[in-house]
Amino acid sequence: MQFEEVITELESLSNPEDVKGMARFGIKHTKTYGVRMPELRRIAKTAGKDHDLAEKLWDAGYGETKILAGLIEDPKMVTESQMENWVAGFDSWDVCDQCCINLFRKTPFAYKKVFEWSTREEEFVKRAAFAMIAVLAVHDKKADDEKFEEFFPLIIRESVDNRNFVKKAVNWALRQIGKRNLNLNKRTVEIAEEISTIDSKSAKWIAADAIRELTSEKVHERLKKK
């Protein structure tokens, strides 16, 4: 697909009511068409992997064009400077999470960027670090437990960040590590208990929510079957 074709299709699918619905879920792009994810996936499937088109879509600056860029970009073509440029352009949690899920985790820089971005102050850059942990915990099946245990100091350190999109990502990262296997489940609950002692409203919420899920019968039964 050509860039102009994609834009024409997005314009034809634009829905003001969906823009209002997105706002109710905390999705507030600087620019948006109001197009739903199933439609974006359909367009991405038609377009296929296309580095040049991905760059043009990212530069267009709409929430949907950024998500599409992440869907059609070739991970093998991604450079560190491109990742830094894109992460600086995150303006909502859905663009952040979709880029981490669909693209960034597949690059050779994924683990490195977790450590770098976790120290950054921008809300969606820091969210990207912990969203990356969460998606790596789900998708990187071959990684050793030690790779995820290395993230625990970052999770403890940033658990005091009260910003909504950061604390939810920190919690997400903690829970997904704890659902990899029984060993990490035990370690993650211990970390959550440590976080619960921190004098911080966000830390206590992160810990309580993680402990509630990770100690549940449902999670333990699933892990025993692995």
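## Aromatic cluster

Trp58, Trp86, Phe90, Phe104 and Trp117 are joined into a cluster by ring pairs. The model is a predicted one. One member of the cluster, Trp58, also has a charged neighbour: the charged end of Lys66 sits over the Trp58 ring, 5.2 Å from its centre. Two other members, Trp86 and Trp117, return below as buried residues of helices H6 and H8 respectively.

## Stacked tyrosine and phenylalanine rings

A pair of aromatic rings is described by the distance of the centres and the angle of the planes. Aromatic pairs in this model number ten. Among them is the pair of Tyr33 and Tyr62, which is stacked, with 4.1 Å from centre to centre and 15 degrees between the planes. Tyr33 belongs to the loop between helix H2 (16–24) and helix H3 (37–47), and Tyr62 to the loop between helix H4 (51–60) and helix H5 (63–72), so this pair ties together parts that lie 29 residues apart in sequence. Tyr33 has 8% relative accessibility and counts as buried, while Tyr62, at 22%, counts as partly exposed.

The rings of Tyr111 and Phe151 are also stacked, because their centres are 5.9 Å apart and their planes stand at 10 degrees. Since Tyr111 is in helix H8 and Phe151 is in the loop between H10 and H11, the pair ties together parts 40 residues apart in sequence. Both Tyr111 and Phe151 are buried.

## Helix H8 and its buried face

Which residues of helix H8 are buried? In this helix, which spans residues 110–117, they are Ala110, Tyr111, Lys113, Val114 and Trp117. Viewed down the axis of H8, these residues fall within an arc of 160 degrees, so they line one face of the helix. In general, an α-helix has 3.6 residues a turn, so residues three or four places apart point the same way.

The buried residues of H8 pack against four helices: H6 (80–88), H9 (123–139), H10 (145–149) and H11 (152–158).

## Helix H6

In H6 the buried residues are Gln82, Met83, Trp86 and Val87. Their arc around the axis is only 125 degrees, which puts them on the same side of H6. The face turned away from that buried side carries the exposed residues Ser81 and Ala88. The cover over the buried residues of H6 includes H4, H5, H7, H8 and H9.

## Packing of H5 against H7

Two packed helices are described by the angle between their axes and the distance between the axes. For H5 and helix H7 (residues 93–102), the axes come within 8 Å and cross at roughly 10 degrees. An angle under 35 degrees counts as roughly parallel, and H5 is therefore roughly parallel to H7. On the H5 side the contact is made by Gly63, Lys66, Ile67, Gly70 and Leu71, and on the H7 side by Asp94, Val95, Gln98, Cys99 and Asn102. Lys66 thus appears in this contact as well as over the ring of Trp58.

## Loop residues Val78 and Thr32

Val78 is placed in the loop between H5 and H6. Is Val78 buried or exposed? Its relative accessibility is 6%, so Val78 counts as buried. Leaving aside residues up to four places away in sequence, Val78 touches Glu73, Met83, Leu103, Thr107 and Phe109. Of these, Met83 is among the buried residues of H6. The C-alpha atoms of Val78 and Pro108 are 9.1 Å apart in space, although 30 residues separate the two in sequence.

Thr32 lies in the loop between H2 and H3 and, at 24% relative accessibility, counts as partly exposed. Thr32 and Phe109 are 77 residues apart in sequence, with 29 Å between their C-alpha atoms.

## Helices H11 and H12

Pro153 is in helix H11 and counts as partly exposed at 48% relative accessibility. From Pro153 to Ile191 the C-alpha distance is 9.2 Å, over a sequence separation of 38 residues.

Asn171 is in helix H12 (residues 164–178). At 2% relative accessibility, Asn171 counts as buried. Apart from residues up to four places away in sequence, Asn171 touches Trp205, Ile206, Asp209 and Ala210. Trp205 also has Lys167 lying over its face, at 5.3 Å from the ring centre.

Technical notes: Residues are numbered from 1 along each chain as its sequence is written. This is a predicted model: local features need pLDDT of at least 70, side-chain atom pairs count only at pLDDT 80 or more; totals for chains, interfaces and linings use all residues. Side-chain values use heavy atoms; hydrogens and water are left out. Buried means under 20% relative accessible area, exposed over 50%, partly exposed in between (1.4 Å probe, protein chains only). The arc is that of the directions from the helix axis to the C-beta atoms. Contact means heavy atoms within 4.5 Å. Rings of Phe, Tyr and Trp (its six-membered ring) pair if their centres lie within 6.5 Å; planes under 30 degrees apart count as stacked, over 60 as edge-to-face and the rest as tilted. A charge sits over a ring if NZ of Lys or CZ of Arg is within 6 Å of the ring centre and within 35 degrees of the ring normal. Axes are lines fitted to C-alpha atoms, for helices over the stretch in contact, and angles run from 0 to 180 degrees between N-to-C directions. Angles under 35 degrees count as roughly parallel, over 145 as roughly antiparallel, 65 to 115 as roughly perpendicular and the rest as oblique.
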